[in-house]
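User: Could you take a close look at one sheet in this model and then show me how it ties in with the rest? I'm a first-year student, so plain words would be great.

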Amino acid sequence: VTQFYAADQVNGSGSNVMLAGAQDNGSLRFTQAGINSTVEVSGGDGAFCHIDQDNGNFQISSFVFNVFFRSTNGGASFSNILNNQTFGRFINPTELDDNANILYSGANEDQYIRISGITGSTNPQLINANLGGFRASAFTASPYTNNRIFIGTGTNGSSGGSKVFRVDNANATPTVTEISTSAIPGNGYISSVAIGSSDNQIMVTLSNYGLVSVWETRNGGTTWVNREGNLPDMPIRWALYNPNNTDQVLLATELGVWSVENVNVSSPVWEVTNTGLANVRTDMLQYRDSDGQVIVATHGRGVYTAQPF
């Protein structure tokens, strides 16, 4: 019944080494499949966590706001690399750029935190970036363009601000370009940004009721298309493209995992994909290349894995 916000896994075929951040129950390290004991690697509220997909010795766990811990020995031990509860959100969005070995995280309005040197000597910096006056709510590093990240924004208290930005030269002095349009509801909270077959194919999800929660562009943000289809009115918290066929998508939702065989139609037909799982709040999906395994972080039923594609 553990309530996980996030999870990641070692990129090794058949590996069961995983990290997952849990509400009130710290960040936990898994080493076996099935119902087994775990090791708490950092305490308090466990938030976003990462395992370097190029080198699993380097792992990141986090507490609230911008409190981060790093392992350099495959998760055997962790040490604090930043302890700042001034900036960011309580459960703060983060992204590990595995290629550049940089961790990005949310700060206050028009800012983000950049921690370079994740595989060496770490260097945390507060970076100013024009995010339309809002705070980051989602990060994704481009798998196609070095040092390019995408940032989604969300509400600041009662003020909505669901915008999407492309940030080039994110490792140095950033160049920020808004790629969202008025098609995306401006009063929502962008919960994830997913990249498909290129940086031109992008999907964003929103975790609000009463608005269209799934949007896609196939031209880098010039136009956005409603991909909600037959989904119920519910929060959508994460999108994941099938890297081998980006017309196929998995969603983490308020009612478990949903999937679609062809998202590139006028009204996609989504299906409940919860065999062996449950209609439970699901917060994150992460894919690994080594064997196609997807890890699913649920907020109430623990962590699951599958090979869905």
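**A sheet of four strands**

Analyst: Strands 21, 22, 23 and 24 form an open sheet, in the order 21-22-23-24, with antiparallel pairing. The edge places go to strand 21 and strand 24 (271–272), and each has a single partner strand, so one side of each has no neighbour in the sheet. One thing to keep in mind as you look around: this is a predicted model.

Let's zoom in on the start of that order. Strand 21 and strand 22 are joined by six bridges and run in the antiparallel sense. If you'd like a pair of residues to find on screen, try A239, which stands opposite L251 in strand 22. Here is some textbook background: strands of a sheet pair through backbone hydrogen bonds, either parallel or antiparallel. Another handy rule is that side chains in a regular strand alternate between the two faces of the sheet.

Now, what does this sheet give to the largest nonpolar core? Strand 21 (236–242) and strand 22 (245–253) are among the elements that give that core two or more residues. The core has 33 residues, and F4 and L285 touch the most other members. The other elements giving two or more are strand 1 (4–9), strand 2 (18–22), strand 3 (26–30), strand 7 (66–71), strand 25 (282–287) and strand 26 (294–298).

L285 is a nice one to click on. Leaving out neighbours within four places in sequence, L285 is in contact with W238, L240, L250, L251, A252, V257, V294, I295 and V296. Spot L251 in there? That's the residue that A239 stands opposite.

A239 also gives us a way over to another part of the chain, through A194. Not counting residues up to four places away in sequence, A194 touches T140, Q201, I202, M203, A239 and Y241. A194 is found in strand 17 (residues 190–195). Is A194 buried or exposed? Its relative accessibility is 7%, and buried means under 20%, so A194 counts as buried. For a sense of distance, A194 and G154 are 40 residues apart in sequence, and their C-alpha atoms are 16 Å apart in space.

Strand 17 has its own sheet, which is open, has four strands in the order 17-18-19-20, and uses antiparallel pairing. At the edges stand strand 17 and strand 20 (225–226), each with a single partner strand, so each has one side left without a neighbour in the sheet. Two bridges join strand 19 (residues 214–217) to strand 20, again in the antiparallel sense. The residue to look for there is W215, which stands opposite N226 in strand 20.

For another example of antiparallel strands, go to strand 11. Five of the six residues of strand 11 (residues 111–116) are buried, so the rest of the structure largely encloses this strand. Strand 10 (residues 102–106) runs antiparallel to strand 11, with four bridges between them, and Y104 stands opposite R114 in strand 11. Strand 11 also pairs with strand 12 (residues 123–128) in the antiparallel sense, over six bridges; there, I113 stands opposite L126 in strand 12.

The turns are worth a peek too. The hairpin of strand 11 and strand 12 has six residues between the strands, and G117 takes a positive phi near 75°. The hairpin of strand 10 and strand 11 has four residues between the strands. D110, in the loop between those strands, has a positive phi of about 60° even though it is not a glycine. As a rule, most residues other than glycine have a negative phi. D110 counts as partly exposed, at 25% relative accessibility. N169 tells a similar story: its phi is near 60°, a positive value in a residue other than glycine. You'll find N169 in the loop between strand 15 (164–168) and strand 16 (175–178), partly exposed with a relative accessible area of 38%.

Finally, zoom all the way out. The chain has zero helices and 27 strands. Its radius of gyration is 18 Å, close to the 19 Å that the globule rule gives for 309 residues, so the chain is as compact as a globular protein of that length. Along its principal axes, the C-alpha trace spans about 50 × 45 × 35 Å, and 56% of the 309 residues count as buried. Among contacts between residues at least 6 apart in sequence, 44% join residues at least 24 apart.

Technical notes. Residues are numbered from 1 along each chain as its sequence is written. This is a predicted model: local features need pLDDT of at least 70, side-chain atom pairs count only at pLDDT 80 or more; totals for chains, interfaces and linings use all residues. Side-chain values use heavy atoms; hydrogens and water are left out. Buried means under 20% relative accessible area, exposed over 50%, partly exposed in between (1.4 Å probe, protein chains only). Contact means heavy atoms within 4.5 Å. Two strands pair if DSSP finds at least two bridges between them. A nonpolar core is a set of buried Ala, Val, Leu, Ile, Met, Phe, Trp, Tyr and Cys residues joined through side-chain atoms within 4.5 Å. The radius of gyration is taken over C-alpha atoms; the globule rule is 2.2 Å times the number of residues to the power 0.38.
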